[in-house]
Amino acid sequence: MEHDNPSPAVTSHRYGRVWVITVNNPPVNALSAAVRLGLFAAIEQGEVQPDVGAVLIVSEGKTFIAGADIREFGKPPVPPSLPDVCNRIEACTKPVVVALQGAALGGGLEVALSAHYRLALPGAKVGLPEVDLGLMPGAGGTQRAPRLMGAKAAAEFMLSGKPMGAQAAFEAGLVDRVTDSRLAALDAGLAYANELLAQGAPVRRVRNIAMTKPEISLSELSDLAQDTAKKSPGLYSPLKILEAVRASVELPFDEGLSLERRLFRGCIDSPQRAGLIHAFFAEREVSKVPEARGAAPRAVASLAVIGGGTMGAGIAVAALDAGLPVTMLERDGDSLARGVANVAKVYDGLIAKGRITEAHKAATLTRFRPSTDFADLAAADLVIEAVFEDLEVKKAVFRQLDSECKAGAVLATNTSYLDIDAIAAATRRPQDVIGLHFFSPANIMKLLEIVVPARVSPDVVVTAFELAKRMKKVPVRAGVCDGFIGNRILASYKQAVDYMMEDGASPYEIDSAVRAFGYPMGPCQVTDLAGGDIGWATRKRRAAARDPKARYVEIADRICERGWFGQKTGRGFYLYPQGARTGQPDPEVLAIVDDERNRKGITPRSFPPEEIMRRYMAAMVNEGAKVLADGIALRPLDIDVTFLYGYGFPRFRGGPMRYADTVGLSNILADIRAFAEEDPLFWQPAPLLEALVAEGQDFASLNQLRS
Ligand code: T1G
C-alpha cells in the first residue's frame, strides 16, 4: 500500500517489515527540492511505522540519483537542504539500506553514504564529480567518504571526479555488497534488507567511524595539495575539497560538516562554478537542432572512409571504436598501404600505452576492410571523404560516389573550409551531402562540426548527430562559410595576435598571457604543435581574396620560409632540441620579429598581459557575433562548445561568448571601439554586438532555439 508523501517525486510502500522509499524524478532522479522534501518526509514516516524494521531507498529508471539538481544552483536555496536530508537519513533509528542501480553521483552517492548499508547492482557506478562543476561534495561526502575509504583515496576520488564501478566501489569500502543477481534494485534491495533484519543488523552510522593514522593522512593530503596546485593552477574548488577532507581527519564529524558547508558556499559563489555549469548544459544543448524536430536518423550499419592520410585514418579508428564495420578506400595500392599502416599505428600506440591489448586490436580490425575499388562502397550506409583539400578533387570524388553508392547513402566531406554547397552540387543527390569536420587527431578530439549545406535533408543532419553520439563526439551544427565556426573565429583572433606581435608583444609574452588565462597552450605553441605550414598554406590560399587595405603581418611567413614549421621540424616559434615536446624561446625568432618591425618602421611598445587578453578575446567575441548574425552558429552556446572541445578554451570560463557575458558586452564593445581608432578596418564592431549592448541584452539571451 502506497503511503501519502508531500512530494510526487517520492513514494513509500511497506513490503513486509521493510519501508521502501522510491525516488522517481526523470530523467536522472536529480535531488530537486521536491525530491529532498519527499525523502525527508518518507524517512520520518518510516521511522514511526510500528511494524517496520528497516528502510530501503531505491529509485526508478536507469540512474539511482545523479546528484543535486544542477539547475537549482545560483538560485535561492529551498529547504530542506541536502545535508539536512542526509543527516536525517543517517539519524534514522532503523537500519537504512540503499540499492544502487546505474549512476549514484554527487549528492546521489552522499545519500547512499548517509544510509547504514549499501548494496550495488553489477551495473552501478558511484562518483563524486562535483569538481567538474566547480563545486565540491556539499552534503557530507567530504566527511563520510574518507571514513569509508581513507582520506587520501577519498580526496583522489573527489579530485578526479571520475566514477568507479560496483566492484571497485566494494573494494574501496564505499558499498557493502555487489549483488550477482539479475534482480531489479527493489527485489535485490528487499532481499538484502530482510537478510539484515534476520541477522538483527544494527543501525551503523558512517559519522561514527574513527579516522585512523591521522599523521600519515595529513602528510599525504599535503602532498596532494601541492600536486593539485601544480596540476590545476587557478582552479578554485579542488583546493577546497582538500581542505574539507583534511577536516575529516582533524575535526569531529559535525565540525567537519559545517566547514564543508562553508567551503561549499564559497564554491557556489565562485564564477568558475557558473562557467563550468554553463559548459555542462551547453554540451547537452548543442544536439538540440531544428532538424531534430520531426526527422529520424537513417540507419548506419556500415561506414566507408575515402583517404588514408592522418585525418582519414583517425576517422576510420573513431568509426571502428564506435563498433562499425569500416571500408577504407584509397586511389592505389601504395596509398592504401600507407592508410592501413596509419590505422595500425594508432592501435599500436594504444597498446604501447597499455590502453588496449593485441587481441583487442586484432578483434577491431576484423571490421576493417581496405580497398582501392569504388565499387566496394556500393553498400555503405555512410561515406566520409577525407582526401586532399582541393575543391575540384573533392567534386570529382563526389561525382564518383554519386554513381557508385546506393540510394539513401549519406555522403559526407571532412573538408575544414571548402564550399560544401559546391561539393553537393557536383552530385544528383545534394540532399544526401553533409559536412563532418573532424579535428586532428580525429579518434581523440571530441569536437565534430556538422556542417549543414543549403540543400541537405533534415534526416541526414539527424543521422550525422546520431553518428557523433555513437563516436562519443560532441557535435556542433555549423553553416557553410570559410572556416565554419571554429576556424573562421580562429583566423580573427590569430590576426589580432599577429598585430600585437608586430606592435611590440613577443610571441612568448602572448603565449604566457594566454596560458595565464587558463589555456593549456598559447597560440604560438599551438601553431608549432599543429605545424606552421598549415597556417601558411591557408594564408597563401586567402592572399588573392585579402583586402589590399587590410594590414598583413609577415612574421609567421618569414619563419615558415626558413622551413621552421614547429615541433615536426625541431623549431618554429620555439626551439625543440632533441625532439623535446616543450619549446624554448628562440632568439632568432625575436630577431625576425625585430626585422619585420624595422622593415615597417614600427616602434615596439609593451603589451601588459591584461591588454593582450582583452584584444585576444575582443577579436574572438566580435567574430563570434558575426558568425551568429550570419547564422553559421545557431546559438552563442554552440560557439562556446566549439571552443571548449576544439580549441582548448578554459572550461571554467564556460566558452568565449559566456566569458563575454561575464565581462559585460558593453566593455567588450568599448574595447573594440578603442582598438578601432588604430585599425578601423579590422576592428569593425559586429552589428549584433552593438544591438545587444543597445538593448542591454547579453549572449545568453540568444541561447534559446527560436521555434
Ligand atoms: N541536475 C539537473 N539536470 C541533470 C542532472 C543534474 N544533476 N544530471 C543530468 N541532468 C539532465 C541533463 O541536463 C539532460 O537534460 C538530462 O538530465 C539527461 O542527462 C550537493 C553539489 C547522470 C551520467 O555532476 O553526469 O550533487 O538535455 O544527457 O548521458 O554534493 O547526466 O535532456 O534537458 O547527461 O544518460 C553532481 C551530472 C551534481 C552528474 C546521465 N552530479 N549528470 O548521463 O544523460 S552536484 C553530476 C551526469 C552535487 C552535492 C553536489 C549525466 C548522467 P536534457 P544526460 P546521460
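This dialogue covers the ligand shell and strand β7 in a predicted model.

Student: What makes Ile70 a polar contact of the ligand?

Tutor: A backbone N or O atom of Ile70 lies 2.9 Å from a nitrogen atom of the ligand. The cut-off for a pair of N or O atoms is 3.5 Å, so the pair counts.

Student: How do you know that Glu110 and Gly107 make polar contacts too?

Tutor: A polar side-chain atom of Glu110 is 2.5 Å from a ligand oxygen. For Gly107, a polar backbone atom lies 2.8 Å from an oxygen atom of the ligand. Both values fall within 3.5 Å, so both pairs qualify.

Student: How much of the ligand does the protein cover?

Tutor: It covers 76% of the 1000 Å² of accessible area that the ligand has on its own. Two elements each give two or more residues to the shell: α3 (107-114) and α11 (271-285). α11 gives the most, with 3 residues.

Student: How do the shell residues divide by type?

Tutor: There are 15 nonpolar, 4 polar and 7 charged residues.

Student: Why are both faces of β7 called covered?

Tutor: Tyr117 and Leu119 on one side are buried, as are Arg118 and Ala120 on the other. Buried means under 20% relative accessible area, so each of these four residues is below that value.

Student: What makes β5 and β10 partners of β7?

Tutor: A pair needs at least two bridges. β5 and β7 have 4, in the parallel sense, and Leu100 is bridged to Ala120. β7 and β10 have 2, also parallel, with Arg177 as the bridge partner of Leu119. Both therefore count as pairs.

Definitions and conventions. Residues numbered from 1 in each chain as written. Predicted model: local features only at pLDDT ≥ 70, side-chain atom pairs only at ≥ 80, totals over all residues. Heavy atoms only, no water. Polar contact = N/O pair within 3.5 Å; in protein donor to acceptor, adjacent residues only side chain to side chain. Areas by Shrake-Rupley, 256 points an atom, 1.4 Å probe, with all protein chains shown as cover. Nonpolar A, V, L, I, M, F, W, Y, C, P; charged D, E, K, R; others polar. Buried < 20%, exposed > 50% of the residue type's maximum accessible area, 1.4 Å probe, protein only.
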